Amino acid sequence: MGEGWATLSAGDGKPGRKAEEQDVSLVIGGDAGQGVESSGAGFSTALARAGYHVFSIADYRSRIRGGHNFYQIRAATRPVASHLDPPALLLALTAESVELHLENLADGAAVVYDRSFRLDAAAVERAGRLPVPVPMNEIALRHGSKVMMNTAALAAAAGLLRFPLERMEEVVRQNFARKGERVVEANLAVAREAYAEMLRHPAAERFRYRLPGREGQPERMLLHGNHALCLGALAAGCRFVAAYPMTPATTILEWMTAHAEPLGIVTKHAEDELAAVCMAIGAGFGGARAMCSTSGGGFSLMTEALGLAGMTETPVVVVDVQRGGPSTGLPTRTEQGDLLFVLHASQGEFPRFVLAPGDHVEAFEAAMRAFNLAEKYQVPVILLSDQFLASSLRTLEPERLRRDAVPPERGKTRRPGEPPLPEERRDGDYLRFAFTADGISPRVLPGDPDAVYGVPSDEHDEAGHITEEIANRRRMMEKRMRKLETALAAGEMRGPRRLGPEEAEVTLLAWGSTLGPAAEALELLARAGVRANLLHWCDLWPFAGEAAERELRRVRRGVVVEQNYTGQFRRFLRMMTGYEAEGLVRRYDGRPLEPGEIARGVLREVGAGVR
Amino acid sequence: MSEQRPTWCPGCGDFAILAALREALVQEGLAPHQVAVVSGIGCGSKLPDYMRVLGFMTLHGRPLPVATGLRLARPDLRVVVVDGDGDAYGIGGNHWLHTCRRNPGLVHLVENNQIYALTKGQYSPTTDQGTRTTTSPEGAPERPVNPIRTALAAGATFVARGFAGEPKELARLIRAALRHRGYALVDILQPCVTFNKINTYDWYAERIVRLEEAGHDPSDFDAAWARSGEFGERIPVGVFYRSEEVPAYEERVPGLKRGPLVERPLDELDEATWEALKRELI
């Protein structure tokens, strides 16, 4: 970090630029199995209900017990779409988490830990942090058992922040309700005592960050990206989900399965990813809106069947929630390493669509659009998410997820019993793969007595019979590939979304989940006196080239921001538009890009030329 | 009947399988649009192209999961899977194992010619150990898969063996499979006249014994297990095992209680349910 860049830290100016503004991050650290994640989710819920905008990420290793995990929560009085470094409070469930996080805390940050930890408080003090020992373990033991130490810790942190105890109590009640009234009461007693202890704590006076309750705020949902994607799929009429559990995609199958019976969704935990995608293709052939979800490694296994969907013109939605690769890589961590792979996955050439939503709202809408595109164009559609988007928890006003935002459209698809489409017949026969001007053949779902047909994975003629005939092969290839032009001409694919000022010295170029951190980096750059804006792409294939070029012509100095080693999007932009970005800010260690890091990176890339 | 002419070699066992399947479907009173034939890859997997039914030719080894997805989405369709021994017992072995224990309502016809034919004569999972082929000049190194015993061990609820040299009998077996409520495996001895000079029509004909005539009781699992060990000088054909006790997988899927997926409108979610779903996250 260079001299001047320190002022670009997102933590700068806390607690809030204006007196009434709050923007505080806190981190809960402990061992896997200690309840770090559930505590973090609980605190996030309490903050959301108390009227704060919340953005939370879990940082954990690929193991069930042991090893350091942490949960970072950001609470703000304005909408936030990114995590924020550095935190103002560390809630340490182990002594090790103090050692690991101490350096990365904000100036004046508090370290709340158990009094029994062997910890050098003076060293904490010397590091410019405020040591806050609390007898969390003792309080827990006094009311039953040490497993309630988490409750004590959460309440202690709440007390230190002057966060309303009632909100924390609500969450305690909810979390322990199924364990019975005695457990609830014991935990409440622990919470009250730890909270009271903190109000009297000598260190509390010196701590300057506060999160008081905010009255009159609208109700907000607290959801992760996979939730949003599931809601979008459901709203689109998705009725079939097959998957093999793979982090970080698993919660899609879990959430859909939890709602399968009341909503009438068939979910299938398949024997492997090959089966999962094939089942979805079978269901798609049958006429159900079908999806399979996985991460990069599972997607690798699915690629052969992706071509099957392409050749048989079967609608299917494939979700790739990227994580660190290659191989099994970094199972619980984030990366945007699959872009160039999904664009070309499977042998041969066939039309496909690729959408990479940038945030929770876009994930919801992209899921709805994916099912429409799959059916209208009779192709596989890939939803490219990643661990950061899939697992980050954020608040949203319920009305922002509007299921009428994208009404279901099936295009030239006819269900049994519906009147025939004009183009459907030729010489009295139904031609499943009829040559059409737009490349889309009218589709009659199986079960219609007037339309009995086969769909070969081999090359075939209009009726669906296998043939290697030269002229037919040409026309069939052209028919299939024409769908991409049709979609572009119909304006299905969007160009980049621009955030920030229209005219800028520097333009950040991003895709997928870096949207939130990159957008926040604009503010940091502005504070450093650099006028920057952001072009963000969700729709990647077919690529809306004209719209992209229109925007790129206005870019003075462009810096691509992405989460991979080779700068895949930078190369993609060059391939599609000839545009060569001046700089590249990248991260490939599995941790999400932070706003301050992006801002510093942008200045490093083009620093000499701006201001 | 389709106008497509099969590309099979003259004398291929697949002709008899095609004839038997057609006859079974007709006798069961199934119309072309009510039947979907899902196939794998290979000579025999071109079969749906030679019939007038709904057809879906998939990938090598993958017809079972495609058929399972189709059946779950469309329990109103009768779904028949046709593939070869390489598809079913080799590359798709994992799917086969799990389909056996899953028990979806599928009829699975395996054209078992004990050889890879379309790729010109390499050994298959059912080739006898020691058989010389282009990829086993010293003799096939592995012991062959025993499809009958493996299916029984994996929990299949209908396990049968047929012979392409006897299409009438085969049609009877397929009809019985079509009437079964869960997964029905019919392993079919299907001579490859071009690449398998050992397991010929005559070779099979000399060895075949009929389970029915031998007084075998298909409801007796232990008896089925014992008979499944026979393959060599005597090769039993007929129904080894049948249990109607186990519901088909699709009968147990909670998401299908509201009816077949395709019959429900895409926008069926009502406002109250939608709001309740969002409230779960508040």
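How many bridges join strand β19 of chain A to strand β2 of chain B? Two bridges do so, and the strands, residues 454–455 of chain A and residues 54–57 of chain B, run parallel. Keep in mind throughout that this is a predicted model.

**View 1. A strand of chain A joins a sheet with strands of chain B.** Let us begin at the pairing just described. A:Gly454 has B:Gly55 in β2(B) as its bridge partner. Follow the strands across and you will meet nine of them in an open sheet, ordered β19(A)-β2(B)-β1(B)-β3(B)-β4(B)-β6(B)-β5(B)-β8(B)-β7(B), with mixed pairing. At the edges sit β19 of chain A and β7 (208–210) of chain B, each of which pairs on one side only.

**View 2. Inside the shared sheet, β3 and β4 of chain B pair in the parallel sense.** Strand β3 covers residues 78–84 of chain B, strand β4 covers residues 106–112 of chain B, and six bridges connect the two. To find your place, look for B:Gly84, which stands opposite B:Glu111 in β4(B). Helix α6 of chain B, residues 167–178, lies across β3, β4, β5 (158–163), β6 (184–189), β7 and β8 (235–242) of chain B. Helix α6 of chain B runs at about 165 degrees to β5(B).

**View 3. Chain A and chain B meet over a buried area of about 5,200 Å².** Carbon and sulfur atoms give 63% of that area. On the side of chain A, A:Glu271, A:Arg403 and A:Val452 lose the most area to chain B, together 13% of what that side buries. Counting residues in contact gives 69 in chain A and 54 in chain B.

**View 4. Polar contacts and salt bridges also link the two chains.** Between chain A and chain B there are 26 residue pairs in polar contact, both residues being at pLDDT 80 or more. The largest share of the side of chain A that touches chain B comes from helix α11 of chain A (residues 273–286), which supplies nine residues. Sorted by class, that side of chain A has 38 nonpolar, 14 polar and 17 charged residues. Salt bridges between chain A and chain B number five. One salt bridge to look for joins the side chains of B:Glu268 and A:Arg239, at 3.0 Å from N to O. Side chains of opposite charge can pair when their charged atoms come close.

**View 5. Within chain A, A:Asp59 and A:Arg333 form a salt bridge.** Over all chains, the count comes to 60 salt bridges. In the pair shown here, the closest N and O atoms are 3.1 Å apart. A:Asp59 belongs to strand β2 (residues 53–59) of chain A, while A:Arg333 sits in the loop between β11 (316–322) and α13 (339–344) of chain A, so this pair ties together parts that are 274 residues apart in sequence.

**View 6. Some loops of chain A hold backbone details worth a closer look.** The peptide bond from A:Gly325 to A:Pro326 is cis, with omega near -5 degrees. A:Pro326 is found in the loop between β11 and α13 of chain A. A cis peptide bond also joins A:Trp541 and A:Pro542, with omega about -5 degrees. A:Pro542 lies in the loop between β23 (539–541) and α18 (545–552) of chain A. Now turn to A:Ser346, which is not a glycine yet has a positive phi of about 85 degrees. A:Ser346 is in the loop between α13 and β12 (353–355) of chain A.

**View 7. Five strands of chain A form an open sheet with mixed pairing.** Their order is β20-β22-β21-β24-β25. The edge strands, each pairing on one side only, are β20 (497–499) and β25 (583–586) of chain A. From one strand to the next, the twist averages 25 degrees. Strands β21 (residues 506–511) and β24 (residues 558–562) of chain A pair in the parallel sense over four bridges. Here A:Ala510 has A:Val561 in β24(A) as its bridge partner.

**View 8. Helices α19 and α20 of chain A pack on this five-stranded sheet.** Helix α19 (residues 568–577) of chain A touches β21, β22 (532–537), β24 and β25 of chain A, and its direction makes about 130 degrees with that of β24(A). Helix α20 (residues 595–606) of chain A touches β21, β24 and β25 of chain A, with its direction at about 155 degrees to that of β25(A).

Key: Residues are numbered from 1 along each chain as its sequence is written. Chains are lettered from A and ligands numbered from 1 in the order in which they are written. This is a predicted model: local features need pLDDT of at least 70, side-chain atom pairs count only at pLDDT 80 or more; totals for chains, interfaces and linings use all residues. Side-chain values use heavy atoms; hydrogens and water are left out. Contact means heavy atoms within 4.5 Å. Buried area is the accessible area (1.4 Å probe) that two parts lose on being put together, summed over both. A salt bridge is a side-chain nitrogen of Lys or Arg within 4 Å of a carboxyl oxygen of Asp or Glu. A polar contact is a pair of N or O atoms within 3.5 Å; within protein, one must be able to donate a hydrogen and the other to accept it, and residues adjacent in sequence count only if both atoms are side-chain atoms. Ala, Val, Leu, Ile, Met, Phe, Trp, Tyr, Cys and Pro count as nonpolar, Asp, Glu, Lys and Arg as charged, and the others, Gly among them, as polar. Two strands pair if DSSP finds at least two bridges between them. Axes are lines fitted to C-alpha atoms, for helices over the stretch in contact, and angles run from 0 to 180 degrees between N-to-C directions.
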